Amino acid sequence: MTERGAEPPAERLLIMRHGEAAPGAPDAERALTARGEREAERMGRWLASRTDLDATRLRLVASPYRRARQTAAWIAAPLGLEVETLALITPDAPPGTVIDWLLDEPGDRPLLLVSHMPLVAALTGLLVEGRAECGPGFVTAAVAELEAEVRAAGCARLRRLVSPADINDQEVS
């Protein structure tokens, strides 16, 4: 029970673009390159090293596309997590549909979505600014970390946007 007038605690929502993928067809079967695997592995070690993120409670959800599932597997390994797949977080999915899903899901633990451009940018823009076209650019394997009491349009705060290049070696050892 919260104190009268106090806001409920904010939960973390992390939105990640998959690591670098090789070209090919069909799009859903494109695999990570060696660089993409290194990017994902680095981000997984960084997330596991974070003392401010309760990784034991983290829920990891990935697009069913191969490159996103591969990225999620690299994230899951150092954290000891299982990966769920969610069909509605593919590259061209409407961000409003994802927000509807988020609103129906329990917000009692941190959530990491592994997906694709342009969805990751549009979803971040919609959650933070209330407008999908206001989302930040995501390099491969970048993670946007948001906080929100309610995972709805315009209700989140962008805490940070981190790419593999932003992390120094001391942070992931």
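The exercises below work through a predicted model, each with a task and a stepwise solution.

**Exercise 1. Confidence**

State the average pLDDT of the protein, and find where pLDDT stays under 50.

Solution. The average pLDDT of the protein is 92, and 92% of the residues score at least 70. The stretch in which pLDDT stays under 50 covers residues 1-7, and for these residues the model has 3 contacts beyond four places in sequence.

**Exercise 2. The sheet and its edges**

Determine the strand order of the sheet, and explain which strands stand at its edges.

Solution. Begin with the order: 6 strands form an open sheet that reads S3-S2-S4-S1-S5-S6, with mixed pairing. Strand S3 (83-85) and strand S6 (157-162) each have a single partner strand, so one side of each is left without a neighbour in the sheet, and these two strands stand at the edges. Neighbouring strands of this sheet are turned by 20° against each other on average, with direction ignored. Next, take the pairing at the S3 edge, where strand S2 (residues 59-62) and S3 run parallel and are joined by 3 bridges; Ala62 stands opposite Thr85 in S3.

**Exercise 3. Helices across the sheet**

Identify the strands that helices H1 and H4 lie across, and give the angle stated for each helix.

Solution. H1 lies across strand S1 (11-17), strand S4 (111-115), strand S5 (143-148) and S6, and runs at about 130° to S6. Helix H4 (residues 119-129) likewise lies across S1, S4, S5 and S6, but the angle given for H4 is about 155° to S1.

**Exercise 4. A residue of H1**

Decide whether Trp46 is buried or exposed, and locate Trp46 relative to Asp169.

Solution. Trp46 is found in helix H1, which covers residues 34-49. Because buried means under 20% relative accessible area, the 4% relative accessibility of Trp46 places this residue among the buried ones. In sequence, Trp46 and Asp169 are 123 residues apart, whereas their C-alpha atoms are 9.3 Å apart in space.

**Exercise 5. Helix H2**

Check the span of helix H2 against expectation, and then describe its buried residues and what follows the helix.

Solution. Helix H2 (residues 66-79) has 14 residues, which at 1.5 Å a residue should span 20 Å; the end C-alpha atoms are 20 Å apart, so the two values agree. The buried residues in H2 are Arg67, Ala68, Thr71, Ala72, Ile75, Ala76 and Leu79. In an α-helix there are 3.6 residues a turn, so residues three or four places apart point the same way. The buried residues of H2 pack against S1, H1, S2, S3 and S4. Just after H2, Gly80 takes a positive phi of about 70°.

How values were computed: Residues numbered from 1 in each chain as written. Predicted model: local features only at pLDDT ≥ 70, side-chain atom pairs only at ≥ 80, totals over all residues. Heavy atoms only, no water. pLDDT = per-residue confidence, 0-100. Contact = heavy atoms within 4.5 Å. Helix = DSSP H or I, 4+ residues; strand = E, 2+ residues; numbered from the N terminus. Buried < 20%, exposed > 50% of the residue type's maximum accessible area, 1.4 Å probe, protein only. Pairing = 2+ DSSP bridges. Axes fitted to C-alpha atoms, helices over the stretch in contact; angles between N-to-C directions. Expected span 1.5 Å × (residues − 1).
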